Amino acid sequence: MDGLREKYLELIAGAGDASALETLRVQALGKKGEISLQMRELGRMTPEERQTAGPALNALKDEINSALVAKKSGLEDAALDARLLDEWLDVTLPSRGRPAGTIHPISQVTEEVTAIFADMGFASAEGPQIESDWYNFDALNIPGHHPARAEMDTFYMHRAEGDNRPPAVLRTHTSPVQIRTLEAQGAPIRVIAPGRVYRADYDQTHTPMFHQIEGLAIDKDISMANLKWVLEEFVKSFFGVDDVDLRFRASHFPFTEPSAEVDIRCSWEGGTLKVGEGDDWLEILGSGMVHPKVLQAASVDPVQWQGFAFGMGIDRIAMLKYGIPDLRAFFDSDLRWLRHYGFSALDVPTMRGGV
Ligand code: PHE
């Protein structure tokens, strides 16, 4: 028995892990374990022998058992200590610096434009990007056969066979928001509507998704002169200069009469875009006096009410203001570009604080 005790206590003390301990337990105390076999011998002893051997064997069994349990918890403690040491973390250290995100130039410019027009009494409105062809075209005096539909490079939404709902499109401009806000609020009204628009077009100054901001002012005595003043005020505030050269070019839109496109003087020298100088012109918006049929489509009486509308390319004016030469880079999600052209989250445009 002394031999067994010594043997197992030594083996247990030297066991390296839980599975080695389990092997030892089976070897000593399992059904066919060495100690169990000794227990069986008890039957063949005389009652006197059994009286001393029985309790001694039981005591040995208990001793080995407790040695196993003690060693097991010792191994667990050691494992925990090792893990604690390994995963040790000084929570009082300052956190690792993470590069802060930036506000995308489109978001920044949208806020700037909104602040400037808010100052002139324009509220902000929104409409859906997936639009019915009625709002995108018909209500804006662009009937089915009109060439403007083809010119717009419209993305049509797929309709399953047998789906009889009217065709839906990705809106090609923000002008449908004119109809929606007029329907909802009636006249008089002064709103702008910024948002995404879609056309199948792609080069240095065109992307299939881009941004416009619609303007709409309807009242009893609004004229083209008001349109011109509002746009000039806007451009001066936006670019922060007094002498921006604007060109009002006679144009045609089915939903305005008369219509004018507005270009801004700029130069592209050395790949950088500069506003206010040079011999180039960049078209930034379309505008005009709202066509009576458009008012009618929105249930506004064109005999009583009139006004102007414009649609401006947000991306275009962002390129101009911040000297960004390629429109496509706006939507590449290149972090280096965003860090270079992006804005601080604290740099919120207001008329008071500056845009
Ligand atoms: N919707 C026109 C476009 O996308 C712009 C526009 C808006 C023109 C409002 C006149 C009035 O080209």
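In this predicted model, the centres of domain 1 and domain 2, taken over C-alpha atoms, are separated by 86 Å. Domain 1 covers residues 2–86, and domain 2 runs from 105 to 344.

Starting at the N-terminal end, helix α1 takes up residues 2–14. Its 13 residues reach 18 Å from the first C-alpha to the last, close to the 18 Å expected at 1.5 Å a residue. Three residues of α1 are buried, namely L4, Y8 and I12. Looking down the axis of α1, these buried residues fall within an arc of 50°, so they line one face of the helix. That fits the usual helical geometry: with 3.6 residues a turn, residues three or four places apart point the same way. The other side of α1 carries D2, E6, E10, A13 and G14, which are exposed.

Turning to the strands of domain 2, β5 (residues 209–219) is a mostly covered element, with 10 of its 11 residues buried. One of its partners is β4 (residues 189–198), which pairs with β5 in the antiparallel sense over 10 bridges. Within this pairing, G195 has Q212 of β5 as its bridge partner. Strand β10 (residues 306–313) also pairs with β5, again in the antiparallel sense, over eight bridges. Here E214 stands opposite G311 of β10.

A second group of strands is built around β7 (residues 256–267), where nine of the 12 residues are buried, so the strand is largely enclosed by the rest of the structure. Strand β6 (residues 246–253) pairs with β7 in the antiparallel sense over seven bridges, and the two form a hairpin with two residues between them. F253 and T256 are bridge partners in this hairpin pair. Another neighbour of β7 is strand β9 (residues 280–290), with an antiparallel pairing over nine bridges; in it, I264 stands opposite L282 of β9. Strand β8 (residues 274–275) also runs antiparallel to β7, and two bridges join them. S267 faces K274 of β8 there.

Then there are the aromatic side chains. Searching the whole structure turns up 12 aromatic pairs. Among them is the stacked pair of F308 and F310, at 6.5 Å centre to centre with 25° between the planes. Both of these phenylalanines are buried. F330 and F331 make a tilted pair instead, at 5.9 Å centre to centre and 40° between the planes. The two rings of this tilted pair sit in unlike surroundings: F330 is buried, with a relative accessible area of 3%, whereas F331 counts as partly exposed at 27% relative accessibility. F308 and F310 also belong to a cluster linked by ring pairs, along with F117, F122, F234, F238 and F239.

Charged groups meet rings as well. K220 places its charged end over the ring of W305, 4.7 Å from the ring centre. Likewise, R328 lies over the face of Y202, at 5.5 Å from the centre of that ring.

A few spots in the backbone deserve a mention. As a rule, most residues other than glycine have a negative phi, and most peptide bonds are trans. A cis peptide bond joins A187 and P188, with omega at about -5°; P188 belongs to the loop between α8 (176–185) and β4. The bond from E257 to P258 is cis too, with omega near -5°, and P258 is found in strand β7.

Positive phi values turn up at two serines. For S299, phi is near 60°. This serine lies in the loop between α10 (292–297) and β10 and is exposed, with a relative accessible area of 68%. For S333, phi is near 55°. S333 is placed in the loop between α11 (314–322) and α12 (335–341), and at 62% relative accessibility S333 counts as exposed.

Definitions and conventions:
Residues are numbered from 1 along each chain as its sequence is written. This is a predicted model: local features need pLDDT of at least 70, side-chain atom pairs count only at pLDDT 80 or more; totals for chains, interfaces and linings use all residues. Side-chain values use heavy atoms; hydrogens and water are left out. Buried means under 20% relative accessible area, exposed over 50%, partly exposed in between (1.4 Å probe, protein chains only). Helices (H or I, at least four residues) and strands (E, at least two) are DSSP runs, numbered from the N terminus. Two strands pair if DSSP finds at least two bridges between them. Domain bounds come from an automatic or database domain assignment. Rings of Phe, Tyr and Trp (its six-membered ring) pair if their centres lie within 6.5 Å; planes under 30 degrees apart count as stacked, over 60 as edge-to-face and the rest as tilted. A charge sits over a ring if NZ of Lys or CZ of Arg is within 6 Å of the ring centre and within 35 degrees of the ring normal. The expected span of a helix is 1.5 Å times one less than its number of residues. The arc is that of the directions from the helix axis to the C-beta atoms.
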